[in-house]
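Me: Please take a close look at a single part of this protein, its strands and how they are arranged in sheets. Set that part in the context of the rest of the chain where you can.

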Amino acid sequence: MKGALKLGSISGIGIFIHWSFSLLIAYIVYSNYKDGQNTTQILWAVLFVMSIFLTVLLHELGHALAAKRYKINTKRITLLPIGGLAELESIPEKPNEELVVALAGPMVNLGFAILTSLIIELPSIENMAGMLTGGINSHNFFLNFFLVNLWLVVFNLIPAFPMDGGRVLRALLAFRLRREKATLIAARIGQFIAIIFIFLGFSSSPFLILIGVFILFGAQAEANYTKTNSVLSHFTIQDVMMREFISLKSSEPVKNAVQLLLQGQSTIFLIMETDDVVGTLSRDEIIRALSEYGEEVLIADVMNKELNFLSPNTPLEKAYNILRQSSASILPIMENNMLVGVVDTENILEFIMIREALKKL
Ligand SMILES: [Zn+2]
């Protein structure tokens, strides 16, 4: 993700924080200052936000470390002002594994809530409101921490995608049903909940409307993603591979690529050095190179060097997931150390459309 600063890494997983996070801190300082809070109170408020983001980080780490048990790596965890994002390389498809990975996050928050409830004396409901007014201070810091963690457990377990609860629901359904069917039912239940939220939101809080809309989109995205993967799971690269493709030499200037771009239909090129593939060059990368360095710059200096070599019998699902995560938009396909073809995203998307159309007949 662009604009994210690396904080470090924990068991091989890079931890990043997005720059907009500083805006959140600035906003908290400003709004507390405007409310006439003194420096100590403002510091408590900032400390509180940091503590919440630490728990969000640990929540995401919970998912990542649970996934690691099933040999699924996590590329990175990014902290955004709206929450955390753990980028798992794939989602476990066995229901019991998905269940463990999905629950691992909220369980971290439940753990924190239980721990804090042990060290503080919980006030009665009547006294609660009184303790919470006037911002965060040394008396109510842990009470607030307890409540936020409890809220994170409840919020994340709403049984709707993209919440963890949506995955829990799908996993439970998938013990009985095919995964695709389970996803569809889970997505529909999620959308139903979203509509209830939106309705309730109109008469109570706009925040509920926001969550409702968020769920509506998330549920549809998950349904589409699973549908795509289930179409692809029956095929291999062999079924879509393009045997004809255009290549350029890394020693050529970018203007040669521009020529090819204008003359033909190809928008992505393989870059060769003698007989080896050394990089790729897409239309966007050509345009960027032109605007930054002009047309005489060598392809070697501007090409995309991220390469993933696959073989013709690699499952198509895997190729698609690699393309989604890679910065390169084309994959060279090798057989016995020989380049035999290429696959790009457009290629695969066309294939999905064709399969979907045939299915409807
Ligand atoms: Zn989570």
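Reply: What follows takes up the sheets, then a helix and the domains.

The model is predicted. The protein is divided into domain 1 (1-157), domain 2 (159-232) and domain 3 (237-360).

One open sheet has 4 strands in the order β1-β2-β3-β4, and its pairing is mixed. β1 (4-10) and β4 (83-88) are the edge strands, and each of them pairs on one side only. Between neighbouring strands of this sheet the average turn is 20 degrees, with direction ignored. β1 and strand β2 (residues 13-18) run antiparallel and are joined by 6 bridges. Within β2, F16 is the residue that stands opposite K6. A helix also belongs to this picture: α2 (residues 39-69) lies across β1, β2, β3 (74-80) and β4. The angle at which α2 runs to β4 is about 20 degrees.

The other sheet to describe is made of 3 strands and is also open, with the order β5-β6-β7 and mixed pairing. β5 (247-249) and β7 (276-282) stand at its edges; each has a single partner strand, so one side of each is left without a neighbour in the sheet. From one strand to the next, the twist averages 35 degrees. Strand β6 (residues 268-273) pairs with β7 in the antiparallel sense, and 6 bridges hold that pairing. Among the residues involved, M272 has V277 of β7 as its bridge partner. As a general point, strands of a sheet pair through backbone hydrogen bonds, in either the parallel or the antiparallel sense.

Away from the sheets, helix α6 (residues 164-174) is mostly covered, with 9 of its 11 residues buried. The buried residues of α6 are D164, G165, G166, R167, V168, L169, R170, A171 and A174. The elements that cover them include α3 (95-119), α5 (141-156), α7 (179-203) and α8 (206-232).

That leaves the contact between two of the domains. The C-alpha centres of domain 1 and domain 2 are 23 Å apart. Their contact takes 10 residues from domain 1 and 10 residues from domain 2. On the side of domain 1 that touches domain 2, α3 gives the most, with 7 residues. By class, that side of domain 1 has 6 nonpolar, 2 polar and 2 charged residues. The helix α3 thus appears twice here: among the elements that cover the buried residues of α6, and on the side of domain 1 that touches domain 2.

Notes: Residues are numbered from 1 along each chain as its sequence is written. This is a predicted model: local features need pLDDT of at least 70, side-chain atom pairs count only at pLDDT 80 or more; totals for chains, interfaces and linings use all residues. Two strands pair if DSSP finds at least two bridges between them. Axes are lines fitted to C-alpha atoms, for helices over the stretch in contact, and angles run from 0 to 180 degrees between N-to-C directions. A residue is buried if 20 or more other C-beta atoms lie within 10 Å of its own, exposed if 12 or fewer, and partly exposed in between; C-beta atoms are placed from the backbone. Two residues are in contact if their C-beta atoms, placed from the backbone, lie within 7 Å. Domain bounds come from an automatic or database domain assignment. Ala, Val, Leu, Ile, Met, Phe, Trp, Tyr, Cys and Pro count as nonpolar, Asp, Glu, Lys and Arg as charged, and the others, Gly among them, as polar.
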